[in-house]
Amino acid sequence: MRRKKAQVQLGENVVVLVIFFFLLVIAVLFYANIQKSKIKAQQMEFQKIQTIDLKTIISTLPELLCTENEDVTENCIDIINLNSLASYWNSVKGRPQSQIRGYYRYRFGTTDISVKMLDPLTRNWTERWQIYSEPIKNWTSNSTVYMPVSLYNATSNDYSFGVIELVVFSR
């Protein structure tokens with residue numbers, strides 16, 4: 001009789017332990033999912049901050065600024081400088097070891113930056129300049145930001161409407 005009672009108690013203890021470990025595994029999985037969602041939210045917040053920082057860097061690039069008598073015009077890009085930078089980027093695009101390419105890679109990271117000019121009469125994009133392009137291989141998400149700017153043509157002394165398109169890639 002004692003032996004059967006001991007076996008029943010042992011069986012009860014095993015069942016209690018199995019249930020306890022089952023609940024412990026469920027709690028750990030639940031906690032891991034909560035932490036995973038928090039990390040994902042922090043990554044999204046970091047990406048937004050990075051995008052804002054990049055907007056500031058791009059809008060103050062000395063390579064693109066409009067200057068007149070050493071006065072800088074805000075939110076303005078000189079088309080001559082823009083053409084020079086775009087053609088330079090195209091010339092170093094295929095050379096991953098270029099020093100200047102590394103300089104831009106350090107500043108812009110894994111982004112795609114281009115400037116588009118809008119024709120107000122037809123409401124079509126008439127020109128597009130690629131300033132920088134370095135997407136991540138196997139990227140999973142991206143965020144695109146548009147910044148309106150004035151495009152100054154020094155040869156004809158007129159302004160056009162333009163948009164800087166900034167695409168930030170992430171995994």
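Select Cys66 and Cys76 to start: both residues are buried. The model on screen is a predicted one. Show the side chains of the two cysteines and look at their sulfur atoms, which lie 2.1 Å apart and form a disulfide. Cys66 sits in strand S1, residues 65–68, while Cys76 sits in strand S2, residues 71–78. The two cysteines are ten residues apart, and the pair is described as linking distant parts of the chain. The count of disulfides in this structure comes to one.

Keep the pair selected and turn the view to look along the bond between the sulfur atoms. Which hand does the disulfide of Cys66 and Cys76 have? The torsion about the S-S bond is about -70°, so the disulfide is left-handed.

Next, select strand S3, residues 111–119, and find Lys116 within that strand. Is Lys116 buried or exposed? Its relative accessibility is 17%, and because buried means under 20%, Lys116 counts as buried.

Now add Glu165 to the selection. Lys116 and Glu165 form a salt bridge, with their closest N and O atoms 3.7 Å apart. The structure holds one salt bridge. Glu165 belongs to strand S6, residues 158–170. Because Lys116 is in S3 and Glu165 in S6, the salt bridge ties together parts that are 49 residues apart in sequence. Glu165 is buried too, with a relative accessible area of 12%.

Stay with Lys116 and display its surroundings. Which residues does Lys116 touch, leaving aside those up to four places away in sequence? The contacts are Trp125, Glu127, Arg128, Leu151, Phe161, Gly162, Val163 and Glu165. Glu165, in this list of contacts, is also the salt-bridge partner of Lys116.

For the last stop, go to the loop between strand S5, residues 141–153, and strand S6, and select Asn157. Is Asn157 buried or exposed? Asn157 has a relative accessibility of 55%, and because exposed means over 50%, this residue counts as exposed.

Then check the backbone of Asn157. Most residues other than glycine have a negative phi. Asn157 is not a glycine, yet its phi is positive, at about 55°.

To go over the stops again, select each in turn: the disulfide of Cys66 and Cys76, the salt bridge of Lys116 and Glu165, and Asn157 with its positive phi.

Technical notes. Residues are numbered from 1 along each chain as its sequence is written. This is a predicted model: local features need pLDDT of at least 70, side-chain atom pairs count only at pLDDT 80 or more; totals for chains, interfaces and linings use all residues. Side-chain values use heavy atoms; hydrogens and water are left out. A disulfide is a pair of cysteine sulfur atoms within 2.5 Å. Helices (H or I, at least four residues) and strands (E, at least two) are DSSP runs, numbered from the N terminus. Buried means under 20% relative accessible area, exposed over 50%, partly exposed in between (1.4 Å probe, protein chains only). A salt bridge is a side-chain nitrogen of Lys or Arg within 4 Å of a carboxyl oxygen of Asp or Glu. Contact means heavy atoms within 4.5 Å.
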